[in-house]
Amino acid sequence: MKFYSLQDRSYIRSFREATIMGQAPGRGLFFPERIPQLPVETIQSLKELPREEIAFQLIAPYAGDDIDTAALRHIVSETIDFPVPLVQVQEQQFALELFHGPTLAFKDTGARFMSRCLGYFVQGENRPVTVLVATSGDTGGAVADGFYGVDGVEVVILYPSGKVSTVQEKQLTTLGKNIRALEVKGSFDDCQRLVKAAFADESLNRELFLTSANSINVARWLPQQFYYAFALQQWQHQQAPVLCVPSGNFGNICAGLLARASGLPLGHFIAACNVNDVVVRYLQAGAYHPQPAVATLSNAMDVGEPSNFVRILELFEQNLEQVKMALSGYTVTDEETRQMILSLLQTTGYLADPHGAVGFTALSRYQETHPGQKGIVLETAHPVKFFDVVEPITGQPVALPASVQARMELEKKAVLLEADYASLRDYLLS
Ligand SMILES: *Cc1c(COP(=O)(O)O)cnc(C)c1O
């Protein structure tokens, strides 16, 4: 499979090149030149197939030219080496728990897959690759964990000072070895701006072999299709499920829409957003106005200008009416998020994290006008990752899993950085 740049359709690269580059010149996102179709037999026998097999079939058309079959199967099975249970929360609402990986959030899937692909690809390179990544909270931990100890890969993570949770910050800043954390005096958008500036800096790129690990990277984006198939493997109802995806940069939901376009029998999609809702407003009014990100309780979705939305438009051939037939969007405030965490716990015993709570609120609102449609919320993080938010709401402690407990005791190591590009450049070159 080849990938073209959404900035310049004549700019075409292989999976290997697109993975190493991260993005095309002019900040173009790579997009596959065709949408592969799953064999009918696969779709009919979804429930009988091993998870490794369905995941392999989803990814092989994209990566199979550049990674030999045995290696790709190995990468896939390592990537999905943890359960993804579908839990019934109420009569019409289910949670697909994506937080059973090592850093307790769904980004583990993409980060584990990408790090292993990059490790495979750099075997033949003679200088180290530097993965430069901006995080609003969860990406950094997943990337740090995924790349920890991978030979030939250095990782530099930028995160907004004071805007990530305690557990997130520990996951970013305590590994050491080939993982370094920069605590930026600014917002996530500042971090992303700095990273983009570094990629656009030609003289810097002559010095360093830079790549990204944000959700724009095809090797992070594409494996996120896997768990939509895992959801269907556990789905016991005739009607296709509605999928409600807590969304920030829109990579996860875009992967779901891609899996649907490849033939997975998934129903309508809902983008559940906090007040950073440029896409929701676009779906309602047809005008796209990115805005600076506002800090919310669901901080991994505090994104003012979602990078992956252009991929959704491309998937639907720039036809807004088609997009709207597949996708609805809802805005959820912090107050509604708090109420949902509490009411869900009180009525069902289910403890959602703030991102999942945004999802349950959006799904409930959709179901008010679409009664009888069962839906799945992608529960994107474990509530303990946000215990600072959750505990004051529920008044109960969230038990720390042992892996997290061990991390909390390690010392934070981060370099404080001004939110200007000159500072980042100096740091990278020093
Ligand atoms: C990153 C993240 C999101 C948003 O995912 P996108 O792919 O950026 O839309 C939602 N929830 C959690 C917990 C996250 O870490």
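This note covers the ligand site and the salt bridges of a predicted model.

1. The ligand's surroundings. The ligand is surrounded by 15 residues. Lys107, Asp138, Gly248, Asn249 and Thr380 are the closest of these. By residue class, the shell around the ligand holds six nonpolar, seven polar and two charged residues.

2. Backbone contacts. Several short distances link ligand oxygen atoms to the protein backbone. For Asn249, a backbone N or O atom lies 2.8 Å from an oxygen atom of the ligand. A polar backbone atom of Phe250 is likewise 2.8 Å from a ligand oxygen atom. For Asn252, the distance between a polar backbone atom and an oxygen atom of the ligand is 2.9 Å. Asn249 thus appears twice in this note: among the closest residues to the ligand and in a backbone contact with the ligand.

3. Cover of the ligand. On its own, the ligand has 380 Å² of accessible area, and the protein covers 98% of that area. The space that the ligand takes is the largest cavity.

4. Salt bridges. The structure contains 13 salt bridges. One of them joins Arg180 and Glu154, with 3.8 Å between the closest N and O atoms. Arg180 belongs to strand β8 (residues 179-185) and Glu154 to strand β7 (residues 153-160), so this salt bridge ties together parts that are 26 residues apart in sequence.

5. Where to look in the model. For the ligand site, start from the backbone of Asn249, then go to Phe250 and Asn252. For the salt bridge described above, find Arg180 in strand β8 and Glu154 in strand β7.

Technical notes
Residues are numbered from 1 along each chain as its sequence is written. This is a predicted model: local features need pLDDT of at least 70, side-chain atom pairs count only at pLDDT 80 or more; totals for chains, interfaces and linings use all residues. Side-chain values use heavy atoms; hydrogens and water are left out. A residue is near a molecule or strand if one of its heavy atoms lies within 4 Å of it. A polar contact is a pair of N or O atoms within 3.5 Å; within protein, one must be able to donate a hydrogen and the other to accept it, and residues adjacent in sequence count only if both atoms are side-chain atoms. Accessible areas come from the Shrake-Rupley method with a 1.4 Å probe; for residues, only the protein chains shown count as cover. On a 1 Å grid over the protein atoms alone, a cavity is a set of points where a 1.4 Å probe fits but cannot get out, and a pocket is an open set with protein on both sides within 12 Å along at least five of seven lines; lining residues have an atom within 4 Å of a point. A molecule sits in a cavity or pocket if more than half of its atoms lie within 2 Å of its grid points. Ala, Val, Leu, Ile, Met, Phe, Trp, Tyr, Cys and Pro count as nonpolar, Asp, Glu, Lys and Arg as charged, and the others, Gly among them, as polar. A salt bridge is a side-chain nitrogen of Lys or Arg within 4 Å of a carboxyl oxygen of Asp or Glu. Helices (H or I, at least four residues) and strands (E, at least two) are DSSP runs, numbered from the N terminus.
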